[in-house]
Amino acid sequence: MTDGVREPEEASLPDDAARPDEDRPPLELTEAALEALLFVAERPLTRREIATLAGTDRATVDARLGDLEVGLGTRGIRLLLDGDRVELATAPDAGALVARYVGAEAVRLSPASLETLAIVAYRQPVTKAAVERIRGVDSDYTMRSLLHRRLIVELGRSDAPGRPFLYGTSFEFLERFGLTSLEELPPLDVEIAARLIQDDELADRDAALGPPIDIEIEEVG
């Protein structure tokens, strides 16, 4: 279930990393080398970026990521997967000790924030208007709060009239709820899933009709 979306441009690599260079021979992408790369990365990396840096192919990157995910399964670090992007994060069961060290207090989310976050998680990429249709209330403040807490992010713009922003969950969302990927989200209740499907149908209908047209009618005296 997705809205029409223009994919955001991929973050660019440094010029010397993005261009093939005969002076930079391919490097062996071992599990240890991949772990070290993700450890020092200041942001999530895409599989394409990893392949370009190592001078290898996508299949090799996918294989090493699979090896690393299994290898980290019982350790204090986890591999997070969000679409094409990957990142390292602390394991959920180590969160309390790490939070005590960095002095971070767990931020409690209101019922409205949790409800909105759940809709974004299962319906992404989703517009604010779609979230409000499902909830039945204005969600501007709640969406801005979730953006501020970096639990949701802007994914681009929809192709629908007006090109509204599309939202999805972030790596912080995965870390906060102890998930390694969106595939680990628990299955939806049948009734709730039906509501999301119904919203898809309404969104398709609205996109086909386009924005409402204001017609001025002159009174005849």
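## Two helices at an angle

Helices α3 and α4 are roughly perpendicular to each other, because their crossing angle falls within the 65 to 115 degrees that count as such. This is a predicted model, so please read every value here as computed from it. Helix α3 covers residues 47-54 and helix α4 covers residues 58-71; their axes come within 9 Å and cross at roughly 110°.

Which residues of α3 meet α4? On the α3 side they are Arg47, Ile50 and Ala51, and on the α4 side Arg58, Val61, Asp62 and Leu65. Sorted by class, this contact of α3 with α4 has four nonpolar residues, three charged ones and no polar ones.

## Leu68, a buried residue of α4

Stay with helix α4 for a moment, as Leu68 also lies there. Leu68 counts as buried because its relative accessibility is 0%, and the cut-off is under 20%. Setting aside neighbours within four places in sequence, Leu68 is in contact with Glu31, Leu34, Glu35, Leu38 and Leu79.

One of these partners, Leu34, is 34 residues away from Leu68 along the chain, yet their C-alpha atoms are separated by 7.9 Å. Another partner, Leu79, leads us to the sheet: its bridge partner in strand β3 is Leu88.

## A sheet of three strands

What is the order of the strands in the open sheet? The three strands run β1-β3-β2, with antiparallel pairing. Strands β1 and β2 are the edge strands, each pairing on one side only. As general background, strands of a sheet pair through backbone hydrogen bonds, either parallel or antiparallel.

Let us take the two pairings in turn. Strand β1 (residues 45-46) pairs with strand β3 (residues 85-90) in the antiparallel sense over two bridges, and Leu45 stands opposite Val86 of β3. Strand β2 (residues 77-82) is joined to β3 by six bridges, and these strands also run antiparallel. A hairpin is formed by β2 and β3, with two residues between them. In its turn, Gly83 has a positive phi of about 65°.

## Helices α6 and α7

Further along the chain, helix α6 (residues 111-123) packs against helix α7 (residues 128-135) at an angle of about 120°, with the axes 10 Å apart. That angle makes α6 oblique to α7, because it lies outside the 65 to 115 degrees that count as roughly perpendicular and is not over 145. The crossing of α6 past α7 is right-handed.

Which residues make up this contact? From α6 come Ala112, Glu115, Thr116, Ile119 and Val120, and they meet Val131, Ile134 and Arg135 of α7. By class, the contact of α6 with α7 holds five nonpolar residues, one polar residue and two charged residues.

The loop between α6 and α7 contains Pro125. Have a look at the peptide bond that joins Gln124 and Pro125: it is cis, with omega at about -5°.

## Backbone points to check

Why look twice at a cis bond or a positive phi? Because most residues other than glycine have a negative phi, and most peptide bonds are trans.

Arg150 is not a glycine, but it has a positive phi of about 60°. You will find Arg150 in the loop between α8 (140-148) and β4 (152-157). Is Arg150 buried or exposed? Arg150 counts as exposed because its relative accessibility is 52%, and the cut-off is over 50%.

Arg163 is another residue other than glycine with a positive phi, here near 45°. Its place is in the loop between β4 and β5 (165-169). At 35% relative accessibility, Arg163 counts as partly exposed.

## The chain as a whole

Stepping back, the secondary structure of the chain comes to ten helices and five strands. Of the 221 residues in the chain, 32% are buried; Leu68 is one residue that counts as buried.

How do the contacts spread along the sequence? Among contacts between residues at least 6 apart in sequence, 61% join residues at least 24 apart. The pair Leu68 and Leu34 gives you one place to look, as these residues are 34 apart along the chain and in contact with each other.

Technical notes. Residues numbered from 1 in each chain as written. Predicted model: local features only at pLDDT ≥ 70, side-chain atom pairs only at ≥ 80, totals over all residues. Heavy atoms only, no water. Pairing = 2+ DSSP bridges. Helix = DSSP H or I, 4+ residues; strand = E, 2+ residues; numbered from the N terminus. Axes fitted to C-alpha atoms, helices over the stretch in contact; angles between N-to-C directions. Parallel < 35°, antiparallel > 145°, perpendicular 65-115°, else oblique. Left-handed = near helix turned anticlockwise from the far one by under 90°. Contact = heavy atoms within 4.5 Å. Nonpolar A, V, L, I, M, F, W, Y, C, P; charged D, E, K, R; others polar. Buried < 20%, exposed > 50% of the residue type's maximum accessible area, 1.4 Å probe, protein only.
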